[in-house]
Amino acid sequence: MSCSCGTSSNINLDLNNERAKEIEEKIHNHPCYSEGAHQHYARIHVAVAPACNIQCNYCNRKYDCSNESRPGVTSSKLSPENAVKKVLYIGGEIQQLSVVGIAGPGDALANPKQTFKTFKMLHDKAPDLKLCLSTNGLMLPYYVDRIVEYNVDHVTVTINTVDETGEISSKIYPWIFWNHKKIFGKEAAKILLHRQLEGIKMLTDRGVLVKANSVLIPGINDKDLPNVSKKLKELNVFLHNIMPLLSKPEFGTKFGLEGVNSTTDQEVMATQEACGMDMKLMKHCRQCRADAVGLIGEDRGGEFQDADFTTLDYPELEEKYNIEARTKKHAIIETWRSSLEKANNRIKQEQANKAELSSTKETKLVAVTTGGDGMINMHFGSAKEFLIYEAGDKAIKFVMHRKIESSYCNGAENCDASNPIDEIKTTLKDCDILLTEKIGDCPMDELNAINIICDDSYAQMPIEKSVHEAVCKYFFQTEEKEVG
Amino acid sequence: MAVMITEACIACNACEPECPVGAILNETNERNPYDEKYYVKSENCVECVGHADEPRCAQACPTEGAIVWDMPYTIEFNEYYKNGNSEGIYKIRKHKKKGLMLPEIKSQHFISAISTEDRVAHKNVSNFS
């Protein structure tokens with residue numbers, strides 16, 4: 001085929017754009033794969049996969065610990081039938097539900113019977129839901145065909161290192177279960193890596209969207225994650241999610257018991273910077289439980305008891321699910337998203353460097369409290385997490401969310417002598433502005449004292465537009481500044 | 001039974017498909033005397049003699065301390081299993097003609113290299129490091 005240089009680069013651009021469009025359509029309402037979707041759509045994880053074929057030093061799979069929110073934790077395991085019933089019931093209660101994922105509590109592909117039976121039934125009874133699966137990759141090559149056959153179009157693979165010597169890996173994984181035996185050390189590490197890479201390639205070759213999760217463990221794999229990103233790019237993985245290690249002795253994990261510290265926000269941001277050159281990054285992961293329910297950032301699992309849905313039969317559940325009503329609701333959500341997009345005027349960019357964000361190359365960090373729907377619609381006192389944006393006069397960029405153990409106000413009945421403001425001050429210490437629906441004088445004074453401007457004048461307004469306006473107002477005016 | 005599943009079991013189902021003689025029952029099975037954990041049928045377990053170098057269930061089990069050694073299912077330990085059955089620790093099969101299938105009726109293979117001390121102490125069957 002003869003073509004000039006110009007034409008072939010146009011073809012490449014067209015192909016890239018087409019591929020990008022195809023991907024965008026697939027992820028448009030998936031709250032994990034699309035940052036834009038995460039404030040509007042909900043997901044549910046069903047804990048049908050209790051067995052696991054590897055051991056990670058950051059994991060301890062327990063039941064009945066409802067205070068802990070991290071992968072591997074669940075209140076109880078579900079049979080495939082009850083999982084489907086739960087999805088139908090909750091899909092009716094929470095109409096913004098768009099995705100059902102099998103993420104644990106063990107490994108989805110270490111329990112193939114339960115996993116694929118659940119997907120088959122869901123495909124049949126809830127055809128409007130996206131099916132999603134999470135795995136360590138050890139059994140991935142074996143099940144790629146089934147994954148494609150069941151129309152699972154989103155797969156997440158957890159891959160923490162690409163070090164072929166097994167040096168790094170053996171510090172993270174004490175053993176794998178392979179060919180009916182436990183295998184230890186570097187030998188185990190090499191098998192795992194080989195299977196992960198093989199499985200990922202098979203998936204991307206077949207057009208399945210792959211997200212890669214990496215747990216950042218400073219001192220162990222922090223220097224290797226940029227290599228992981230490069231490798232992922234080669235394999236056409238479309239999103240890389242770098243997650244902080246959650247580590248406390250009370251988790252009972254090996255790292256927790258050994259006193260390895262949780263990764264800090266700043267360490268995450270630094271690694272994201274190093275990896276963002278090669279891969280598109282996911283930055284809004286909430287590291288949720290294997291039985292999580294709802295908008296990510298709020299787990300409504302506790303609202304629903306098994307008896308709510310296990311006693312109902314399928315005709316009743318299908319009525320409850322009400323696929324027509326859900327379709328209407330999703331259409332309304334999409335209309336809202338378009339208006340929001342217009343209001344926000346494309347001010348947010350996904351991967352922008354400081355020069356693209358700010359004409360002075362200096363950017364500011366803005367923290368926002370929200371209850372969803374893309375608006376500043378949560379009181380400071382009720383917030384259990386903050387969304388953090390990096391902003392300049394030209395554009396803004398979503399950086400991460402930061403959770404706090406205790407919201408500032410827990411209600412009069414829970415009022416004790418403790419002051420949650422200290423944790424909040426530490427969490428927001430590098431931020432310049434806080435935008436919220438309402439904030440009292442006391443906490444505002446505390447935050448002002450550490451140079452955080454608090455502004456509640458953007459209450460009930462779109463987040464992105466407000467972040468941009470606020471940062472311009474306070475830091476990019478040539479005339480007199482207003483002090484908040 | 002020659003191996004035993006303890007309270008540490010999280011009912012994850014990793015072991016049951018690995019057993020070459022189908023000796024493992026899940027928590028919903030009526031022949032399992034326990035509600036919340038899996039159970040190895042003492043009268044069927046052969047410690048994987050003739051099937052593998054070591055018990056396959058323990059290789060698959062992700063929870064340290066969940067699968068441990070028990071006494072061999074042999075005549076020497078007949079009283080042990082008889083008493084355990086009365087106490088509800090085991091739920092040994094009652095054959096229509098032969099009666100309670102204690103070791104004196106039918107004994108099973110065991111791994112002689114495992115010492116009585118280790119069995120009495122209910123040591124872990126497999127290593128985790």
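Me: Before we talk helix packing, how are the axes and angles defined here?
Reply: Axes are lines fitted to C-alpha atoms, for helices over the stretch in contact. The model they're fitted to is predicted, by the way. Angles between the N-to-C directions run from 0 to 180 degrees.

Me: OK, so at what angle do the axes of α7(A) and α9(A) cross, and what does that make the pair?
Reply: Helix α7 of chain A covers residues 225-234, and helix α9 of chain A covers residues 265-275. Their axes come within 9 Å and cross at roughly 40°. Since angles under 35 degrees count as roughly parallel and 65 to 115 as roughly perpendicular, that makes α7(A), relative to α9(A), oblique.

Me: Which residues of α9(A) does α7(A) meet there?
Reply: The crossing is right-handed. By class, this contact has 4 nonpolar, 2 polar and no charged residues. From α7(A) come Leu225(A), Pro226(A) and Ser229(A), and they meet Thr271(A), Ala274(A) and Cys275(A).

Me: Switching to strands, which residue stands opposite Glu385(A)?
Reply: Strand β13 (residues 385-391) of chain A pairs with strand β14 (residues 396-403) of chain A, antiparallel, over 7 bridges. A hairpin of 4 residues links β13(A) to β14(A). Across from Glu385(A), in β14(A), you'll find Lys403(A).

Me: And where chain A touches chain B, which element of chain A gives the most residues?
Reply: Chain A puts 16 residues into the contact and chain B 14 residues. On the chain A side, they split into 9 nonpolar, 4 polar and 3 charged. The elements giving two or more residues to that side are β6 (175-178) and β7 (181-184) of chain A. With 3 residues, the top contributor is β7(A).

Methods. Residues are numbered from 1 along each chain as its sequence is written. Chains are lettered from A and ligands numbered from 1 in the order in which they are written. This is a predicted model: local features need pLDDT of at least 70, side-chain atom pairs count only at pLDDT 80 or more; totals for chains, interfaces and linings use all residues. Angles under 35 degrees count as roughly parallel, over 145 as roughly antiparallel, 65 to 115 as roughly perpendicular and the rest as oblique. A crossing is left-handed if the near helix is turned anticlockwise from the far one by less than a right angle, and right-handed if clockwise. Two residues are in contact if their C-beta atoms, placed from the backbone, lie within 7 Å. Ala, Val, Leu, Ile, Met, Phe, Trp, Tyr, Cys and Pro count as nonpolar, Asp, Glu, Lys and Arg as charged, and the others, Gly among them, as polar. Two strands pair if DSSP finds at least two bridges between them.
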